[in-house]
Amino acid sequence: MLILVMLVTLRIRDLREDADLKQRQLAELLHCDQSLYSKYEREERPLPLEYAEKLADFYNVSVDYLLGRTPIKTPYPKK
């Protein structure tokens with residue numbers, strides 16, 4: 001479980017940094033405080049599934065990629 005949490009936090013931080021975004025901008029997307037978003041990246045709070053889904057859509061990756069279930073970023077086709 002700890003490895004999964006570490007992978008999620010690493011991936012959301014890497015995706016944010018690759019997009020040259022600030023934590024504040026992602027917090028606005030998720031409708032939460034920047035301090036709360038920071039806790040997701042620092043492994044202090046688990047990332048809720050609804051936030052994982054929003055972030056996956058925003059970055060155009062699959063939730064499975066965020067969760068470390070696959071190394072492939074491409075999201076599944078929507079039906």
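## Exercises on a five-helix model

Glutamate 44 sits in the loop that joins helix 3 to helix 4. The model is predicted, so local features need pLDDT of at least 70 and side-chain atom pairs count only at pLDDT 80 or more, while totals for chains, interfaces and linings use all residues. Residues are numbered from 1 along each chain as its sequence is written, and side-chain values use heavy atoms, with hydrogens and water left out.

**Exercise 1. Describe the surroundings of glutamate 44: is this residue buried or exposed, or in between?**

Step 1. Take the cut-offs: buried means under 20% relative accessible area, exposed over 50%, and partly exposed in between (1.4 Å probe, protein chains only).
Step 2. Glutamate 44 has 47% relative accessibility and therefore counts as partly exposed.
Step 3. For a distance check, its C-alpha atom is 21 Å from that of leucine 21, which is 23 residues away along the chain.
Step 4. Glutamate 43, which follows helix 3, has a positive phi, near 70 degrees.

**Exercise 2. State the fold pattern and compare the radius of gyration with that of a compact globule.**

Step 1. Count the elements: the protein has five helices and zero strands. Helices (H or I, at least four residues) and strands (E, at least two) are DSSP runs, numbered from the N terminus.
Step 2. The order along the sequence is α-α-α-α-α.
Step 3. The radius of gyration is taken over C-alpha atoms, and the globule rule is 2.2 Å times the number of residues to the power 0.38.
Step 4. For 79 residues a compact globule would have a radius near 12 Å; the protein has 12 Å, so the two agree.
Step 5. The C-alpha trace spans about 35 × 25 × 20 Å along the principal axes, and 35% of the 79 residues are buried.

**Exercise 3. Find the buried residues of helix 3 and helix 4 and decide how they are arranged around each axis.**

Step 1. In helix 3 (residues 34–41), the buried residues are Tyr37, Ser38, Tyr40 and Glu41.
Step 2. Viewed down the axis of helix 3, its buried residues fall within an arc of 155 degrees, so they line one face of the helix. The arc is that of the directions from the helix axis to the C-beta atoms.
Step 3. In helix 4, Tyr51, Ala52, Leu55, Ala56 and Tyr59 are buried.
Step 4. These cover an arc of only 135 degrees around the axis, which puts them on the same side of helix 4.
Step 5. The background is that an α-helix has 3.6 residues a turn, so residues three or four places apart point the same way.
Step 6. Just after helix 4, asparagine 60 has a positive phi of about 60 degrees.

**Exercise 4. Which residues are in contact with leucine 55, and which with serine 62, leaving aside neighbours within four places in sequence?**

Step 1. Contact means heavy atoms within 4.5 Å.
Step 2. Leucine 55 lies in helix 4 and is buried, at 0% relative accessibility.
Step 3. With those neighbours left aside, leucine 55 is in contact with Ile12, Leu26, Leu29, Leu30, Tyr37, Leu47 and Leu66. Tyr37 is also one of the buried residues of helix 3.
Step 4. Serine 62 lies in the loop between helix 4 (49–59) and helix 5 (63–66), and is buried with a relative accessible area of 4%.
Step 5. On the same terms, serine 62 is in contact with Ala56, Thr70, Ile72, Lys73, Thr74, Pro75 and Tyr76. Ala56 is among the buried residues of helix 4.
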